[in-house]
Amino acid sequence: MSREELVAYLTVALTTAFLMFTAPTLMNWYDVHYFEQWFRAAAAHGILKVYSVCEKVHYPPLAVIYYVAVRDLVHVLRLDTDPWTFQFSMKVPLALCYLFTSLIIVWRFKWPVAQWGIVSIPMGLVIWGYQFDTIIAFLMALSAVSVLESRPVAAGALLALATSFKYVPAVMAVPMALVLRARGGSVQSTRFLAAFAGLTAALWLPFFLEDPGAFWRQVFLFHMLRLPQDLTPFYLPLVLSRWHVHPWFFLLGKVSGAIMVAGFAVIAWWMWNRRDGVIKTLIDRVGPKFALWGTCALLAAWFALTTKVGNPYYLAWVYLWVFPFAGWLIPAWRVGLMNSIPFLFTVNRLPAPVLNEKVFVVEDLRWYPALSLLGFSSPHVLEKAHQLRKAAPKLMWVWYNHMHLTEAALVACYTMVTAWNLIDILRWVRDPREPNERPDNRPIHPLLVAFTLPGFAFALYLAWP
């Protein structure tokens, strides 16, 4: 084993161990308390009734199936008797998906760019808070590997699984099908699309047929009508108004949806119908791996820029496609910002629980006591909040009273970085140059450490007794 491989595997092992050590400290109780409703409803009425019975099930069916199955196993094993054991047990699969995704990255990319995908703050946020996005990232990475190994049925099935957690990954079917077609002909792309569509239908149809109205309302209509929120430029008017909701803000959500869908359609049409073949040109010049990653990165960056729901968790799988371009196509500082802004955005809400004040939850259009959103979190978290209030009460009050401004600044910075990255990737896809997986030879890039250390340090602070 070379020194570089040793550094890679050691980094993966230590980061995974750190994430598991700090994972039981926190829980995003806002999401999880709805997931708990799924579990209770499935036990009482059957899993197919979840969309009809529960207040919020704004996810495709595999998210429901996964949570109910894992939660039931944890309950049977009596691992839900205290918050620490419950959170640790529920988060083990999330950390394992991070571990397996990291190993795929190490095996497929040289360390100087691979490190940017492995030391991932968005992945950590998913594990700390609890969401499904590390699973999505793992399934998407496996699907990409299957495309590169010319296994279309496996690739389609894996992408269908990712799409059945959250449906935006479905757009990656276009570049994946085109890479398969360019390398193996239309038979491979057809098999890929058939596997993708077939498994998606098999997972979705039972729930849809059980109650079409509830399924449509929960999975699709809610997202069409909701307000913009979090890391998206369409959220800026709301946050600058200090979360005073105006009717025209809902129009912004509809505009963002139209822009995003139109952009996806144009990019897909351009890649599919361009006479000289975007994918074929990329494969000839840079090879299939970067042809696939580059076109997927283009779609991921467009989604990250135009979605009206810029949930920081989404960056766990959006970032998966962008990291290989760090240091040679996209400057390292911009990739570092994309890595760290989700943490900064999340921690910007810190003064609310520290001061036992309220935060505005856009999804519900109401203010919640911030401490109530911590739910199952460790008692250490409440103690840390008390310590921070005693240590810097004036700072916390100033921060809380200007939280809308700091949040707006982060959204503006994120928008600028994402747009700049999108332009760089688009230019490269149109006129590709040889990729450079070794823009430097440093074991750990200092900018990567600088951008990610605050997030890991804060997690350690919360977890430390």
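**Close-up 1. Helix H7 is mostly covered in this predicted model.** Count along the helix and you'll find that 9 of its 9 residues are buried. The list runs through Ile121, Pro122, Met123, Gly124, Leu125, Val126, Ile127, Trp128 and Gly129.

**Close-up 2. Here are the two ends of H7, which spans residues 121-129.** Look at the start of the helix: a side-chain oxygen of serine 120 comes to within 3.2 Å of the backbone nitrogen of methionine 123. Now hop to the other end, where tyrosine 130 sits just after H7 and has a positive phi of about 90 degrees.

**Close-up 3. H7 packs with helix H18, residues 332-347.** The axes of the two helices are 7 Å apart, and the angle between them is about 40 degrees. Angles from 35 to 65 degrees fall in the oblique class, so H7 and H18 are oblique to each other. Which residues of H7 meet H18? They're Ile121, Pro122 and Leu125, and on the H18 side their partners are Asn339, Pro342, Phe343 and Thr346. Sorted by class, this contact has 5 nonpolar and 2 polar residues, with no charged ones.

**Close-up 4. Strands S3 and S4 make a hairpin.** S3 covers residues 358-361 and S4 covers residues 366-369. How do the two strands run, parallel or antiparallel? They're antiparallel, and 4 bridges join them. For one facing pair, find valine 361, which stands opposite arginine 366 in S4. Between the strands lie 4 residues, and in this turn leucine 365 has a positive phi of about 60 degrees.

Note on methods:
Residues numbered from 1 in each chain as written. Predicted model: local features only at pLDDT ≥ 70, side-chain atom pairs only at ≥ 80, totals over all residues. Heavy atoms only, no water. Axes fitted to C-alpha atoms, helices over the stretch in contact; angles between N-to-C directions. Parallel < 35°, antiparallel > 145°, perpendicular 65-115°, else oblique. Contact = heavy atoms within 4.5 Å. Nonpolar A, V, L, I, M, F, W, Y, C, P; charged D, E, K, R; others polar. Pairing = 2+ DSSP bridges. Buried < 20%, exposed > 50% of the residue type's maximum accessible area, 1.4 Å probe, protein only. Polar contact = N/O pair within 3.5 Å; in protein donor to acceptor, adjacent residues only side chain to side chain.
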